[in-house]
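Thanks for coming. I will go through some sheet geometry today, so please have the viewer open.

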Amino acid sequence: MSKKSKSNRPEARLPKGFRDVGPEEARALERMLQTIREVYDVYGFEPLATSSIEYTDALGKFLPDQDRPNAGVFSFLDEDNAWLSLRYDLTAPLARYVAQNYDQLAKPYRRYQTGTVWRNEKPGPGRFREFVQFDADTVGAESPAADAEFCMLAADVMEKLGIPRGSYRMRVNNRKLIDGVLERAGIDPVAESSLARRLVVLRAIDKIDRLGSAGVEQLLGAGRKDESGDFTEGAKLEPAQIRQILDYVGTPAAGRTETLMALRPLVAGSASGEKGFEELQAMDDLLAASGFEADRVVIDPGVVRGLEYYTGPVFEMELTFEAKDETGETQRFGSVGGGGRYDGLVARFKGTTIPATGFSIGVSRLYQALNALGRSGAERSLGPAVILILDQSRLGDYQQMAQELRAAGIRAEIYLGSSGMKAQMRYADKRGAPLVVIQGDDERQRGEVTIKDLIEGAKLAGEIEDREAWREGRPAQFAAPRTELVTAVTRVLKRYAS
């Protein structure tokens, strides 16, 4: 007797770093996105949808220079032997779109976009290879007012979503200010020979919140070995250079005026640093004039942002509250969005400098934070009213009932399976149906339907002790004239409208 061959059916499994989203979370996410969209609309931004796939060379010089450019992005060759990549953010496609349609666009061009992006990076807890961003950008505006506006917009989004003042702060810095500090420390921030070292310094500063001054000091020097034993090569700066950078990073982010005054002498004599100071000063004046004080927006020298294309002001939206996770552990959410000025990105296509600035929200992380606050709206929403099928020959009658309810704006469906009454009731329960509509021969002859309120029925079932009481009480079940189906169903749904 031959052995049975192994099944060659594929295993049902998700790739690492990806996730499925169920109906409750999907609906809550859409409500959150709609709230953000409303704020962006109020600020005068227009929607845009760009392609999910771009030519790899359009995504930026900061992609690895390899034969197969697939580190950090998902890439493949097309039929013309050209490399294509899934977009890793929404900003690079925007730069391509603006360059391609420049003459037709009203400038400054203001757009918002929400969409999925992909990163070919090592996944980890809460770190996925596929996630959603929500961006707003202004292209063609050189004024610091455009940068200040994104600080205002981000703060208004947080409060519109129910995150109270004091539980968030918009942290602002300027890359020119950092370059000024490097220049005074003897590091040319623009020379080709020092670009690699500048990048190491920027990455070290960016880790100040996680590693503290001691950890950053190691990364600015010989390097740092983490808890796992992995060693990160440092910038190999001299002790005096390290001290200048740490003095800058350690400037307290308190009142904006006080922070600015403390930063000014640290960049004195550097043209880049003084320009960055002037831009921050202008932003501070505009924010103050609009009523956005330091309880909402602060100047923080520790803000760097990771992408190379930032050229001026940079900002991060940080959530400052703490919450307990499922295991009772305290969690902080930190940054849920960020952005800045990137005047050189569109110029890659046009050959001339096109000023641009923008802000991006990490949708998944923000959703998790709202969930921790109990404000995500992820509670299970009501399912559709389910019309049970007691006679397959009368499907047309049942479908007519469903259409009447839908025409009244009520979610409704007929049971499309072939099971009996008990299985149909179990189906309605799994669907989260608030009620079922029943019409058998007896009801039809009387010109009626039976409405069974499943929510109230489940509640009362726990209070009824014996079968006889159940039969006598017939909890949460009533008859209604067939002609009053919509009225009867609406009456039940109003009980749970909140």
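What follows covers two sheets and the helices that pack on one of them.

This is a predicted model, where local features need pLDDT of at least 70, side-chain atom pairs count only at pLDDT 80 or more, and totals for chains, interfaces and linings use all residues. Residues are numbered from 1 along each chain as its sequence is written, and side-chain values use heavy atoms, with hydrogens and water left out.

On terms: helices (H or I, at least four residues) and strands (E, at least two) are DSSP runs numbered from the N terminus. Two strands pair if DSSP finds at least two bridges between them.

Take the open sheet of 5 strands, ordered β15-β14-β16-β17-β18 with mixed pairing. Its edges are β15 (412-414) and β18 (477-481), each with a single partner strand, so one side of each has no neighbour in the sheet. On average, neighbouring strands here are turned by 25° against each other, direction ignored; axes are lines fitted to C-alpha atoms, for helices over the stretch in contact, and angles run from 0 to 180 degrees between N-to-C directions.

β14 (385-387) pairs with β15 in the parallel sense over 3 bridges, and V386 stands opposite E413 in β15.

Helix α12 (395-407) packs on this sheet, in contact (heavy atoms within 4.5 Å) with β14, β15, β16 and β17, and its direction makes about 175° with that of β15. Helix α17 (485-494) touches β16, β17 and β18, at about 10° to the direction of β17.

The other open sheet has 3 strands in the order β2-β4-β3, paired antiparallel. Here β2 and β4 (83-86) are joined by 3 bridges, with I53 opposite L86 in β4.
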